[in-house]
Structures are given as structure tokens and as C-alpha cells.
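Subject: Handover of a structure, with notes

Dear colleague,

I am passing on the structure below, and I would be glad if you could read the notes that follow it with the coordinates open beside you.

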Amino acid sequence: MDELCTYLIEHNIQIASTESFTVGTFASRIGMHPGISKVYRGSVVSYQTMIKHKVLGIDQALIDHYGVVSSEIAHDMATHGKALFDSNVCISFTGNAGPDAMEGKKVGQIYIGIAAYDDVYTFAYELSGSRQEIVDQAISLGCVNLLKVLKK
């Protein structure tokens, strides 16, 4: 997280986040970095499906077709969040941290979306561990992928 924050600040990259199963963990961690207020716009924690639809504006038909634990929803969470916060970049997290399967998707199936400038990337992972361990792994993977995307 520190490397990501330093990069964002040094390059004046405005960032936002939209989170579901991580329940604001990314926002909390990035917000603890000194000086991040120069570039961090904020976050929407869209834990419930209706918030993804009503606040982020994700098409209900897309949610009904793919389910919220999907690459398509991670993509739209990132793109809609980027627009909502008028940021250069937005990272999204959606997935299932357990304890039970959801929408036919097993525990540990997660998706990360990154809308960076005019491009959008999605990453899929099957993680294992406790709810907290899955969240921690997802945040770490999000930071790594975000740095890779930004340094292209």
C-alpha cells in the first residue's frame, strides 16, 4: 500500500474506490497514508446489491444476468466509480469471502476492476483462508495490479 500511495501522490493521480466484500478495507488502509488526501477522492461501499444499482448505477439486468460476483460487475463498479468521483483511476472489489457459496460461486472467488484513464482491466482470483485473510489478499492483489496498470 505504501508504494502505491507514494506513486499516486508523486504522479498526482486522482483515485477512488468502490468496494463490496472488502467493506471499505481498501479505503481505510489508503486513508491512513500521510498526504493521500492530495489524491484520494473517496469510496463507495456497495455491500448490498441494491446499492450497486441505486448508487453506482449498475444496470439491474447486468446484475441479474451475471450476478454481483463477476468480472462484468467489477468492471462496471470501477467505471461508474471513476465517473462518480471524477477521478483518473478507480479500483473495485467484488467477490465472496464466505462463509457460504453465493450465486453458485464458491468462497474465495473474487474480482478486482481497475478503470485507469481510458482503459478498464479486470482480474479474477480464487483465494482461500478466513474472511479476513481473503480480504487482506484481495487488497494486496489490488495494490499490485494497480501499480502495474499505472506503470504501463
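Helices and strands in these notes are DSSP runs, a helix having at least four residues and a strand at least two, and they are numbered from the N terminus. Please keep in mind throughout that this is a predicted model.

Overall architecture

The chain holds six helices and five strands, and along the sequence these follow one another in the pattern α-β-α-β-α-α-α-β-β-β-α. The radius of gyration is 14 Å, close to the 15 Å that the globule rule gives for 152 residues, so the chain is as compact as a globular protein of that length. Taken along the principal axes, the box filled by the C-alpha atoms is roughly 40 × 30 × 25 Å. Of the 152 residues, 49% count as buried, and the chain exposes about 7200 Å², of which carbon and sulfur atoms supply 51%. If one takes the contacts between residues at least 6 apart in sequence, 63% of them join residues at least 24 apart.

Helix 5 and Ala-78

Ala-78 sits in helix 5, which spans residues 71-85, and with a relative accessibility of 0% this alanine counts as buried, because the cut-off for that class is under 20%. Setting aside residues up to four places away in sequence, Ala-78 touches Thr-18, Cys-90, Ser-92, Gly-113, Ile-114 and Ala-115. For one of these partners a backbone distance is also available: Gly-113 lies 35 residues from Ala-78 along the chain, yet their C-alpha atoms are separated by 5.5 Å.

Helix 1 and helix 6

The packing of the two terminal helices may be worth a look in the viewer. Helix 1 (residues 2-10) and helix 6 (residues 131-150) pack at an angle of about 30 degrees with their axes 9 Å apart, and helix 1 passes helix 6 in a left-handed crossing. On the side of helix 1 the contact is made by Glu-3, Leu-4, Tyr-7 and Leu-8, which meet Cys-143, Leu-146, Leu-147 and Leu-150 in helix 6. By class, this contact has seven nonpolar residues, no polar ones and one charged residue.

Cys-5, also in helix 1, is buried at 0% relative accessibility, and, leaving aside its neighbours within four places in sequence, Cys-5 is in contact with Ile-30, His-33 and Ile-36. The C-alpha atoms of Cys-5 and Ile-15, which are 10 residues apart along the chain, are separated by 9.9 Å.

Within helix 6 there is also Asn-145, which is buried with a relative accessible area of 6%. When residues up to four places away in sequence are not counted, Asn-145 touches Ile-114, Phe-123 and Tyr-125. Ile-114 thus appears among the contacts of Asn-145 and also among those of Ala-78.

Backbone details in the loops

Some loop positions deserve attention when you check the backbone. The peptide bond from Gly-98 to Pro-99 is cis, with omega near 15 degrees, and Pro-99 is found in the loop between strand 3 (89-95) and strand 4 (109-116). Asn-12, in the loop between helix 1 and strand 1 (15-19), has a positive phi of about 50 degrees although it is not a glycine. Tyr-117 likewise has a positive phi, near 55 degrees, in a residue other than glycine; this tyrosine lies in the loop between strand 4 and strand 5 (119-126) and is partly exposed, with a relative accessible area of 43%.

Gly-35 belongs to the loop between helix 2 (25-31) and strand 2 (40-45), where its relative accessibility of 31% makes it partly exposed. Gly-35 and Ala-101 are 66 residues apart in sequence, and the distance between them in space, C-alpha to C-alpha, is 39 Å.

With best regards

Key:
Residues numbered from 1 in each chain as written. Predicted model: local features only at pLDDT ≥ 70, side-chain atom pairs only at ≥ 80, totals over all residues. Heavy atoms only, no water. Axes fitted to C-alpha atoms, helices over the stretch in contact; angles between N-to-C directions. Left-handed = near helix turned anticlockwise from the far one by under 90°. Contact = heavy atoms within 4.5 Å. Nonpolar A, V, L, I, M, F, W, Y, C, P; charged D, E, K, R; others polar. Buried < 20%, exposed > 50% of the residue type's maximum accessible area, 1.4 Å probe, protein only. Rg over C-alpha atoms; globule rule 2.2 N^0.38 Å. Areas by Shrake-Rupley, 256 points an atom, 1.4 Å probe, with all protein chains shown as cover.
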